[in-house]
Structures are given as C-alpha cells and as structure tokens.
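User: Could you walk me through this model, starting with its helices and then moving to the ligand?

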Amino acid sequence: YDYFEKRNIPYVKPVPFFGQVWSFFTQEKHAVDVASEGYYMFPNTRISGVFMLRTPAYLVHDPVLFKEMAIKDFDHFTDHVSEVTIEHDPLLARSLFFANGARWRHHRNGLSPAFTGSKMRNMFVLVAKSAGDAMDRLMVFSRGKSFTMELRDLYSKLGNDAMTSISFGVEVDSLTDPENEFFLKGKRLAKVDGLPGLKILMTTILPGLFKFLRLGVLYKDVNEFYQEAVATNIRYREKNYIKRPDFIHLMLQARKNQLNTEQSEDDGLQSAGFSTAETHTVESQKDGAAEKLQWQDIDITAAAASFFFGGIESTTTLLCFASYELAVNPDVQARLQIEVDRAREELEDGKTPTYEILQKMKYLDMVVSETLRRWAPFGLTNRRCTKDYTFTNTDGTKVTIERGLNISIPLKSFHLDEKFFPDPLRFDPERFADPNQINQDAYVPFGTGLRNCIGSRLALMQAKCFLFYMLSNFTLQPGTKLTIPLVLDETSAGLNAKHGFWMNLVPRYV
Ligand code: HEM
C-alpha cells in the first residue's frame, strides 16, 4: 500500500485488504462512479492511483493523456483489461473487446472494412425495414390513441430485431413474438445486471481473481445457441449462394480475404455524425501469428455475438436517454419534429428514411451528440499497460506506468467536468451547434484511438433511424410512472433508470 506514496502519486486510500473493491460491493454508488472517485478528489493531477485488493492500478484524469496513450503511444497500451479465457468463454474471449495481442490485431484488421460508411449504407436498408415494420405494428396497436410504454423494453426489442437481421441474417418480430429464441437468448447474452453484471465487473476490476476462479461470463446455453445458429446459417448460404448486406456475409468475405474498403465510395458519403469514432489503420502482426488465425466459424459467431453484446445494450441506452430528454424538454422535441417533417417531404414514400437523409439532419445529430455526452452509455473504459510508459505529470515530475498495470479511463467524468462542458448537467443540444466549440479530447462517447468503438457508425445510424420513426409517428410525453429527475439504477453494470423509462406515446396523426 505504499506503492503510490513512494512514487508521489495521489491515490484513493485503500480499505485494508480490499482496497477500492470494498466500495464496489457496498453498492452505495454506481460502479463507474466508484472507479472514478479519484478524479474528483485530485483535480490537479494527470493520473491518480487506486488499489484493487492489493494490486495498484491507475485512473487517467487528463483526456489529452488518454489520447496520447491510445494513439501516439498505442504500442504501450494495446490491450483492454480482461481475463476471459477461450476455455470458459469461447465466444467472448474471441470477441474484439476482450481479445488481445495478435488475435485482436487480426480481428480488428479484418472487421474494420465491415463498418465503413458504404457498408453501413447498405446495411441501413435492413435496419430501416426492421424499424419501419415495428413502427407499423405500434401504430396498429395504438389505434389512434395515446398509450403508455416502458421504452427500454421497446427499444431493446427493436434493437434485438435489427441486430438479429444484420448480424445473423434472420428476421424476427419481438414485439408480437417476445418468446422468439433470438430475443430470449439475446437478453441472456446482453444481460448486464445481476450475476452476469457482477462477472463483467469482475473481469475488469478483479481480472486475476476472475481467472483464478475459472469463471465464464456467458451462459453455456447462450454460447451453444449462437454457435449452432451461425454454423447452420453459413452452411445454408454457401449451399444456396445467398448474398445479403449483413455481417455474416461480410465476415465470410473477410475469411476469403475479399472484404475491402471502398475508399472512393466512402469518401463520397457524409459522416455518420459528429460523434463518429475516428478510423485508424491496424496492421495484422507480420510474424506469422496472423496466418495461424484464419477465420473459423466460431470466430465469425464470436464477432456477430459481440456486436450483439456490445451493440444492443449501449444503443438502447442512448435511445432511452434521448427519449427521456425529449419528453422532459418539449421545445427540443418540437424543433426536432419540425426537422423530421421537413426530411419526410424529401422522401419518395414520405416515411422510409434513407441513409443520406439521416446524415443531413443537423439537429438530430446535435440531440444525439448531447445525449451521448450527458448520458455516456459506457462511463468507463480501460487499457492494460503492455510496455513501461513514462510521461510528465502536472507538477513536472516524471511518472512511469509499469508493464502489466491496469488503467481506467473515466469517460463519464470527462463529459461531466465543467472545465470542458460548462453547466455540465444541463441537457443542451446547442453545445453542438458549432463543433469547433467542443473539446474533442474530452468528448469521447466511443473512446479514442486504435481500440475505439468499431461500431460507432452503426450505433448512430440505428439510433437516428429509430428516433426518426418514433418522432414521425408519436410525440413522447412523460408517463405517470417516470421519475423526474431520473433515478439511476446504481446496481446495474450499465446505465439504466431504476424505475424504468415510462412514457406516453401520443400518435401525431389519427
Ligand atoms: C451508443 C452505442 C455505443 C457506445 C456508446 C459504445 C461505446 C464504446 C466504447 C466507449 C468502447 C471502448 C473504446 C475504448 O476503449 O477506447 C467500445 C468498444 C467497442 N464497441 Fe462500442 N459502443 C456502442 C455501440 C456499439 C455497436 C453498435 C457495436 C457493434 C456492432 C459496438 C462494438 C464495439 C466493439 C467490438 C468494441 C471493442 C473494440 C476493440 O477493442 O477493438 N459498439 N464501444
């Protein structure tokens, strides 16, 4: 416990034996806030220390330092912190977020072309169809009258159906058939509360213990279900020469080394939005390790499942909080509806949005960007130091982070720091009216650098598409069961409202 004292680094005083872990288990505060405690205690340092049980770890306070670690000095921080093993978590350990080293390089290099603007535009047709069909069913359900719904439930069903279509090539309708297996397994796959939430937390705060206990995060039946579903799907496509603009198709192309970036086409497309994570080139390792890592069926399954795992919950969170802010800020909602209505006038059928139209909607982008700032779905990310790293602290002293130590990055704290965003708790899309006014080092909803979120374009496209449909057809008003201000669920590993997102959906046209 004298590790940081000796190095002259401010640190959160540990509870004997437990260190900061004690506070995680008392659950008085959300895990993200516990992990970010040092940020508020020590405002004048670029980094602070903390103990996980008896192991020292760091918390980055300076967004510029995070950026340097994530881009210029990436070779010191190539890994995320986690100890899920192929033996206990065959899918998760192969997924991009949890993979490290040569496997991560190979997968990131292979999958990146699947997320470019032109691929997203092709995929958008599937997302828009899924969302449009669901919205038609909601309209029928409403019979022209307003009704109350819990929106996390609604958006996770819509998200599940869209992701099942674009990840697995299967069309399901979870609104009318909530018992379909993709929805049930998807819920178990993406569960971030209860025991699975605790295990996810453990993979990052107590990775050593997690490995020692030989635990797995995903349920066994979930692993088996997806492996079988994807293997059957691949066989069917190969036999029947099926091509569909979805992830399985793109990954089958990656397997044959036929997945390319259409640079000229991508350059011609408008950005997916202000928040889009920057694209960086990640080379596969040249030492022969990549050759051994050909895409097996299980790697394709793992990639598709991880898009489910990483994508649905976070995009649903974005949609829930955006809807909440629209409901409690009716002037913002009215202005957005005017933009939606104008965009609809440009559409051939007056209702089905196109990728290009959505990208042109400036106010929609401002609302989404501000929601991601105010309510960052991932409040924290991490890196592991893979090579000793020295930098200069605010007081001029040199700090060396030793290889093997874990580092947390408090994305939420950056977003809610008044140094970077004045009056940070106020929801104000106007902040994004002029992007040059935004501190882009501190605005990091999708992380930063070579390990940033690969799915930002998809998340933005999907969220904007759902909001477009929702506001075309309904006005959102707070339901009687909605708590204002929102009370957060401190026990969930993700960001959630304790009592749900209860809203009245008032049809705009009868
Ligand atoms: C609003 C929705 C989303 C948010 C806020 C979000 C945020 C993030 C953040 C903060 C990270 C860590 C970045 C870092 O450490 O620098 C991340 C990583 C990742 N995200 Fe997302 N994400 C979202 C949606 C998605 C979607 C839709 C997908 C896939 C379809 C996805 C796939 C991933 C993957 C695979 C990684 C790991 C990347 C790697 O380690 O190379 N995410 N995301």
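User: Where is the kink in α16 centred?

Analyst: Happy to start there, keeping in mind that this is a predicted model. Helix α16 covers residues 297-328 and bends by about 25°. The centre of that kink is Gly311.

User: How far apart are the end C-alpha atoms of α16, and what span should its 32 residues give?

Analyst: The expected span follows from 1.5 Å a residue, which for the 32 residues of α16 gives 46 Å. The distance between the end C-alpha atoms agrees with that, at 46 Å.

User: Is α16 largely enclosed or exposed?

Analyst: A residue counts as buried here if 20 or more other C-beta atoms lie within 10 Å of its own. In α16, 28 of the 32 residues are buried, so the rest of the structure leaves this helix largely enclosed.

User: Which element gives the largest share of the shell around the ligand?

Analyst: Good one to ask next! There are 25 residues around the ligand, and Gly311 is among those that come nearest, along with Phe307, Gly447, Cys453 and Gly455. Two elements, α16 and α21 (456-473), give two or more residues to this shell. The largest share, seven residues, comes from α16.

User: How does the radius of gyration of the protein chain agree with a compact globule?

Analyst: The protein chain has 21 helices and nine strands, and 46% of its 510 residues count as buried. A compact globule with 510 residues would have a radius of gyration near 24 Å, and the chain agrees with this, having 22 Å.

Technical notes
Residues are numbered from 1 along each chain as its sequence is written. This is a predicted model: local features need pLDDT of at least 70, side-chain atom pairs count only at pLDDT 80 or more; totals for chains, interfaces and linings use all residues. A residue is near a molecule or strand if its C-beta atom, placed from the backbone, lies within 6 Å of it. Helices (H or I, at least four residues) and strands (E, at least two) are DSSP runs, numbered from the N terminus. The radius of gyration is taken over C-alpha atoms; the globule rule is 2.2 Å times the number of residues to the power 0.38. A residue is buried if 20 or more other C-beta atoms lie within 10 Å of its own, exposed if 12 or fewer, and partly exposed in between; C-beta atoms are placed from the backbone. The expected span of a helix is 1.5 Å times one less than its number of residues. The bend at a residue is the angle between axes fitted to the seven residues ending there and the seven starting there.
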